Amino acid sequence: MLQHRLPLLCSVVFALLACVAEATRYGPVCAEVCQSTFYYYPTAYDNCTDGTCICSSRVATSSYALCIDHYCGRKRDIKPALKIVTEYCEDYLVELAYSYDDALAYGKEHMSNEIVDVTTQVMTVPFLLSEEYYSTNYRSYKTYYENFDSSEYMGIGITAYFVMFMLLACARQILIKLFPRSVLWHNRFVTKFRKYFVIPAFFGTKHAIPSKLLGVPLGLMPTSYEALVLAGFFSISIIFCFVHYDIFDNDTIFGDRRMLLSRVLADRTGIVSFGHLPLLYIFGGRNNIFRYITGWSMQTFMLYHRWIARSMFLHAVLHSVGYTAYGLLYGAPTFATFFYDAYFRWGVAATVIAGFVLIQATYVLRHRWYEIFLILHILFVIMFTVSLWYHCDILGYMEYVYASIAIWAFDRAVRLLRLVMYGSITPSGTKAKASIVGEMIELSIDPPKVPWHIRPGQYAYIYFAKFKFWESHPFSLFEVRDGRHIYVAKPKEGITKMVYNYLQKQPEKSAVIRLGVEGPYGHHFAVETFDTVLLIGGGVGITALMMYAVRARKLRATGQHVIIYWATRHETNITYVRQALSDLLSGENPIELHIYVTSKQYNHLKETEKNSVSGEDSHSESEKINLDVIESSVTYGRPDFETIIEKSILESSGSLIVAVCGPEPINDICRAAVAVNLDKGRGRVEYFEETGMWA
């Protein structure tokens with residue numbers, strides 16, 4: 001499937017790079033210098049009283065043609081130079097009176113041979129700008145105008161930086177798919193690099209558990225690889241702010257060295273800030289094609305989304321500071337007049353709103369009041385995008401805004417399409433039987449009418465018509481039972497808590513409710529290509545791993561070893577997955593099962609089964625045997641996952657994958673243990689973490 005998505009990847013990448021910036025926004029510097037004479041000295045020509053003389057005055061038009069011919073001698077510069085004057089005249093609603101060829105012929109025939117000072121003389125015949133005047137102005141205009149082009153290239157560089165890492169991840173995905181058992185994945189260099197710079201948390205062992213300062217959670221610690229990507233990103237972002245300037249005295253545009261510096265810095269940081277926008281909107285969307293191609297998790301893309309937003313805001317603040325300094329150097333009264341311009345007011349609004357977005361998206365606020373965060377986040381982002389629209393509508397750079405809106409609209413359209421394909425947007429909607437099972441909410445839903453290829457790791461966003469229908473929550477696809485899709489989730493705060501409380505009041509804690517299903521989402525690992533599959537679950541996390549065990553058993557190669565370690569507090573969870581475990585334990589080459597019950601109030605599984613069903617013949621003979629096997633797999637107490645992982649790596653005869661889904665402490669313990677023991681295996685060792693952290 002990956003190879004079928006490659007053409008789409010290429011199309012997205014090239015379309016993204018094409019829409020974020022034009023190659024050259026302004027004409028050649030030589031043409032800007034020539035045109036500036038007629039802008040700054042409009043009355044230097046006979047019978048000309050305003051800036052439109054270059055459009056209508058034969059003397060001015062011919063002088064411009066002579067300047068272009070002499071100083072822009074390359075043919076490739078002629079066309080953009082003519083475009084400058086054409087657009088200039090269109091802005092003044094004046095038609096260009098003479099063609100370039102006619103103006104140049106007239107100028108050569110009637111050109112003055114005197115050295116002309118356009119600041120004091122009124123010209124009645126065409127003339128050529130002196131070398132001294134041209135060279136003095138050329139450096140100033142080169143510094144000013146080429147800064148725009150350099151800034152756009154740097155904005156593209158922001159996108160290209162992440163595209164580079166995504167292409168590397170894509171290449172690795174393809175190579176692993178084609179050559180899963182290659183020694184390349186287990187050579188000493190690759191193993192050491194992954195041991196220290198890919199798998200472990202950047203600092204300490206906490207990755208899923210938020211880092212705290214004075215007891216206040218600040219956010220999740222990135223992995224070492226994610227930290228390296230972000231370090232490189234911020235390095236080039238900062239470098240881009242302060243390189244490739246030519247700051248000098250006697251600048252002919254601004255006249256002051258400080259004004260020149262503040263203006264080019266403001267322009268640079270503003271344009272580079274725009275360069276963040278397409279990636280910001282792509283990485284923050286659910287329907288991100290790069291997730292499927294790179295194999296990166298939603299959590300990784302959301303991490304990059306947040307740091308790109310912070311970098312963009314930093315550049316926007318520097319843009320505002322630079323422009324404020326530029327205005328104040330003009331003088332406070334002049335700076336006050338900036339607020340009369342709509343683009344300036346909208347720019348201030350966009351920066352302030354972006355600041356509010358970052359404040360309300362901090363980890364502690366986002367997780368403590370997620371529903372409020374979500375509503376405010378959407379409203380603020382809409383306000384921010386509208387402010388950018390009106391800020392850029394006058395200045396240009398609308399392609400960044402168009403790209404961002406198109407990406408956002410595409411994501412929303414695909415969300416709606418997924419709902420429609422599942423049959424959720426119909427008069428009757430989708431009905432499901434919702435039940436409380438142990439610690440979980442279970443949804444039993446009829447499958448969609450369109451083909452749905454069931455894969456491990458899939459989940460769907462569920463909208464509940466009865467409870468805040470505009471909000472959704474991810475539910476993991478546990479299994480297909482009697483032709484129906486079974487989704488489960490552990491209730492937390494917000495909408496799942498409302499559903500849980502509602503079901504608690506219903507007979508048998510179950511009810512039929514209307515809902516919308518947006519899916520499928522998720523990605524998975526090809527566990528069937530490994531010699532050993534080690535599945536580690538904690539609590540309800542086992543439900544996300546069961547389908548991996550089913551897939552491994554269905555597609556497993558001869559001699560493949562599948563092991564499940566599961567830690568749970570409640571025996572009701574064991575009862576819930578009993579049938580699925582029973583199926584995995586039956587037949588040839590059964591899996592190896594280890595269950596750890598951490599609660600001291602554990603009732604033996606057989607006693608639980610006797611209380612949950614009536615009659616002695618409730619189970620077949622094979623089910624009774626498998627029930628005995630499940631019972632014999634139970635250990636009381638907490639598992640030592642570090643030892644389990646080290647032992648599994650040492651004893652594996654070849655490649656091994658460790659797939660983990662559970663509470664944050666278990667995920668962090670397993671990640672650290674895999675990193676420590678990565679180089680002790682006899683083959684390739686992969687770590688895969690199913691996480692429910694979408695926020």
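This is a tour of selections to make in the open structure, which is a predicted model.

**Stop 1: the open sheet**

Select strands β9 to β14 to begin. Six strands form an open sheet here, in the order β12-β11-β10-β9-β13-β14, with parallel pairing. At the edges stand β12 and β14 (685–689); each has a single partner strand, so one side of each is left without a neighbour in the sheet. On average, neighbouring strands of this sheet are turned by 15° against each other, direction ignored.

Next, work inward from the β12 edge. Strand β12 covers residues 634–636, and three bridges join β12 to β11 in the parallel sense. To see one of the pairs, select tyrosine 596 and its bridge partner in β12, threonine 635. Then move to β10 (residues 561–568) and β11 (residues 592–597): these strands run parallel and are joined by six bridges. Here the residues to select are isoleucine 564 and its bridge partner in β11, leucine 593.

Now go to the other edge. Strand β13 (residues 656–661) runs parallel to β14, with five bridges between them. Which residue of β14 is the bridge partner of isoleucine 657? Select glutamate 686 to find that partner.

Keep this end of the sheet in view and add helix α26, residues 664–677. Helix α26 lies across β9 (532–538), β13 and β14, and runs at about 165° to β14.

**Stop 2: strands β5, β6 and β7**

Select residues 472–481, which make up strand β6. Seven of the 10 residues in β6 are buried, so the strand is mostly covered. Strand β6 has pairings with β5 and with β7. Strand β5 (residues 459–464) pairs with β6 in the antiparallel sense over five bridges. In this pairing, tyrosine 463 stands opposite serine 472 of β6.

Turn to strand β7, residues 484–489, which is joined to β6 by five bridges and runs antiparallel to β6. Valine 480 and histidine 485 of β7 stand opposite one another. The hairpin of β6 and β7 has two residues between the strands. Select aspartate 482 in this hairpin: its phi is positive, near 55°.

**Stop 3: lysine 490**

Move on to lysine 490, in the loop between β7 and α19 (495–504). Is lysine 490 buried, partly exposed or exposed? The residue is partly exposed, because its relative accessible area is 38%, which falls between the 20% and 50% cut-offs. Leaving out residues up to four places away in sequence, lysine 490 touches Glu439 and Val540. Add valine 437 to the selection: 53 residues separate valine 437 from lysine 490 in sequence, while the C-alpha to C-alpha distance is 9.8 Å.

**Stop 4: helix α15**

Select residues 342–360 for helix α15, which has 19 residues. From first C-alpha to last, α15 reaches 27 Å, close to the 27 Å expected at 1.5 Å a residue. The buried residues of α15 include Tyr343, Phe344, Ile353 and Val357. Show α13 (298–330), α14 (332–337), α16 (363–368) and α17 (370–395) as well, since these helices are included in what covers the buried residues of α15.

**Stop 5: threonine 143**

The last selection is threonine 143, in helix α7 (residues 131–178). Threonine 143 counts as buried because its relative accessible area is 10%, and the cut-off for buried is under 20%. Which residues does threonine 143 touch, not counting those up to four places away in sequence? Select Asp246, Phe248, Leu260 and Val264 to show them.

Technical notes
Residues numbered from 1 in each chain as written. Predicted model: local features only at pLDDT ≥ 70, side-chain atom pairs only at ≥ 80, totals over all residues. Heavy atoms only, no water. Buried < 20%, exposed > 50% of the residue type's maximum accessible area, 1.4 Å probe, protein only. Helix = DSSP H or I, 4+ residues; strand = E, 2+ residues; numbered from the N terminus. Pairing = 2+ DSSP bridges. Expected span 1.5 Å × (residues − 1). Contact = heavy atoms within 4.5 Å. Axes fitted to C-alpha atoms, helices over the stretch in contact; angles between N-to-C directions.
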